[in-house]
Amino acid sequence: MKPIIRGPLSHHLFFRLATSSSSISFSTSSLSINTPSLHTLSSFHLLTLSPSNTHFPISPNQPTPHHQFTHRRPFSSVRSDPSSIEPPPPNAIPVVSTVASPFESSPSIDAGSLIRKPISLWPGMYHSPVTNALWEARSSIFEKSQELPSDAASESELVPKTPAQSRTSIIYKFSSDYILREQYRNPWNEIRSGKLLEDLDALAGTISFKHCSNDKGAAMPFLLVTASVDRMVLKKPIRVDTDLKIVGAVTWVGRSSMEIRLEVIQPTPEASDPSDSLALTANFTFVARDSKTGKSAPINQISPETQQEKLLWREAEDRNQMRKKKRGENMRGLNDREADRLEALLAEGRVFCDMPALADRDSILIRDTRLEYSIICQPQQRNIHGRIFGGFLMRKALELAFSTTYAFAGAAPLFVEADHVDFLKPVDVGNFLRLKSCVLYTELENPTRPLINVEVVAHVTRPELRSSEVSNTFYFTFTARPEAMKDGLKIRSVVPATEEEARRVLERMDAENPELVQTRN
């Protein structure tokens with residue numbers, strides 16, 4: 001018997017069975033199947049397996065191996081404190097609302113469980129283990145939603161909800177689940193940041209559905225889409241061999257929009273303070289749209305109860321006011337001071353274009369750092385509304401930004417942060433999506449930790465209509481690995497060659513340092 005693995009490991013295993021007199025036993029925590037002898041070379045058997053305790057005995061006279069899958073890279077033996085993350089209840093994938101602090105333990109969705117009941121309402125088949133678990137948890141809401149009238153909810157039908165009613169968490173058992181760990185580790189035995197962003201968007205979507213559901217648990221009949229993502233800063237490295245937990249809740253609500261705060265928590269034995277376990281925070285803004293007209297639709301308001309919930313509400317309200325102010329400022333033209341900065345930034349670029357032999361050897365033009373990636377958006381990548389999953393777009397953008405930085409720096413970089421993202425245009429199945437990236441500028445003041453700022457612009461291209469529109473613009477920051485800097489790695493400066501490039505650089509610099517902008521004004 002020769003096992004052949006096909007397709008995503010997170011979903012199914014396909015096996016080609018050769019002629020044999022032996023039986024094949026699949027033993028899992030909740031599934032045991034004994035297959036009799038099969039005499040065919042063309043049969044494929046589809047089985048859903050648990051990642052734990054899976055055996056493939058070749059013959060009754062040979063000992064059963066401990067596991068079928070082997071790895072060459074050793075994983076750290078460090079494990080999280082088992083008391084810090086509570087295991088999920090048996091035989092269920094609950095989405096539990098609690099009044100506990102996000103740092104406190106609560107029943108969580110298990111990201112690694114592969115025993116999933118078939119759900120016809122799942123969109124596509126392109127899922128991570130987390131989106132599998134979350135869409136299953138949403139299924140009861142979807143089914144109840146089909147019984148509601150198609151018109152959007154009126155103001156009188158809305159009821160205020162507390163953050164606790166939408167609070168949801170999900171757990172990754174990296175320390176014990178080998179298959180889950182394999183899906184999330186990169187070639188350097190670290191976590192894939194892009195997949196984590198994808199999961200954050202999926203969890204935020206589930207939380208928004210819970211908040212917008214009525215008293216009977218059914219979601220209101222309108223579309224919920226990701227409008228923007230605020231700046232995400234990695235507070236500490238995230239390991240791929242230690243259990244991880246993501247928890248979030250709705251913290252602020254406008255008339256048709258809401259903000260969901262997510263926290264990535266990874267406890268370690270040396271972390272005595274709970275705040276030391278916090279690895280990343282993110283704020284997602286979702287908006288509700290009438291499914292027929294596409295106009296904004298009212299949603300349930302929020303009633304914060306605890307002091308922490310009230311503080312998060314005030315912070316979110318300040319961010320909302322800041323976004324409105326920034327949109328107004330973007331409408332005005334350049335003043336004299338900004339025009340001088342633009343001219344100074346372009347001076348070195350003109351040397352590269354007009355006198356390349358005299359250009360600074362430690363600098364490079366922005367256009368020489370560009371990479372591009374194109375895809376046709378497939379049905380397997382759609383969300384529940386039939387459009388391309390926002391988390392998928394963020395993951396692809398981050399992976400392209402990583403490759404751009406890798407080619408620019410000459411060493412594998414480390415992810416530092418993702419800046420504010422606005423989802424300007426929806427991306428539909430069948431769209432021709434082009435992702436274009438470049439290094440906008442570098443920050444070299446700290447020689448041991450240089451920062452590399454990368455821009456990724458997503459264009460929805462429709463060749464049959466001869467049109468191309470920007471759907472998203474992403475900004476990521478990376479740094480070089482300490483060991484590479486010790487080995488003499490040198491990061492170059494980046495300069496613009498056109499006025500349009502110079503404007504983009506200045507906008508990013510000001511966005512990164514708003515206090516300097518206020519000083520100049």
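Which residue is the bridge partner of V229 in strand 15? In this predicted model, the partner of V229 is V421, and the pairing belongs to a short meeting of elements in which strand 7 and strand 15, the latter made up of residues 421-422, are joined by 2 bridges and run antiparallel. Strand 7, which covers residues 222-229, also pairs in the antiparallel sense with strand 11, residues 278-290, and there the pairing extends over 7 bridges. Within strand 11, the residue that stands opposite V225 is V287.

These strands belong to a protein that has 9 helices and 19 strands. Of its 521 residues, 50% are buried, and the accessible surface comes to about 25500 Å², with 52% of that area belonging to carbon and sulfur atoms. When contacts between residues at least 6 apart in sequence are considered, 73% of them join residues that are at least 24 apart.

The interior can be followed through its nonpolar cores. The largest of them has 86 residues, and I170, Y172, L200 and F476 are those with the most contacts inside it. If neighbours within four places in sequence are left aside, the residues in contact with F476 include L197, F415, E417, A418, I452, N453, V454 and V456, and also M394, A397, L398 and A401. Apart from this largest core lies another, of 6 residues, with F352, A359, L365 and A497 among them.

Helix 6 spans residues 390-409, a range that takes in M394, A397, L398 and A401, which are among the contacts of F476. The helix is mostly covered, with 15 of its 20 residues buried. From its first C-alpha to its last, helix 6 reaches 29 Å, which is close to the 28 Å expected at 1.5 Å a residue. Just after the helix, G410 takes a positive phi of about 85°.

Helix 8, residues 499-512, lends itself to a check of the same kind. Why does a distance of 20 Å between its end C-alpha atoms agree with what its 14 residues should span? The expected span is 1.5 Å times one less than the number of residues, so the 14 residues of helix 8 should span 20 Å, and the end C-alpha atoms are indeed 20 Å apart. The buried residues of helix 8 are A502, V505 and L506, together with E501, R504, R508, D510 and E512.

Conventions. Residues numbered from 1 in each chain as written. Predicted model: local features only at pLDDT ≥ 70, side-chain atom pairs only at ≥ 80, totals over all residues. Heavy atoms only, no water. Helix = DSSP H or I, 4+ residues; strand = E, 2+ residues; numbered from the N terminus. Buried < 20%, exposed > 50% of the residue type's maximum accessible area, 1.4 Å probe, protein only. Contact = heavy atoms within 4.5 Å. Areas by Shrake-Rupley, 256 points an atom, 1.4 Å probe, with all protein chains shown as cover. Pairing = 2+ DSSP bridges. Core = buried A, V, L, I, M, F, W, Y, C linked by side-chain atoms within 4.5 Å.
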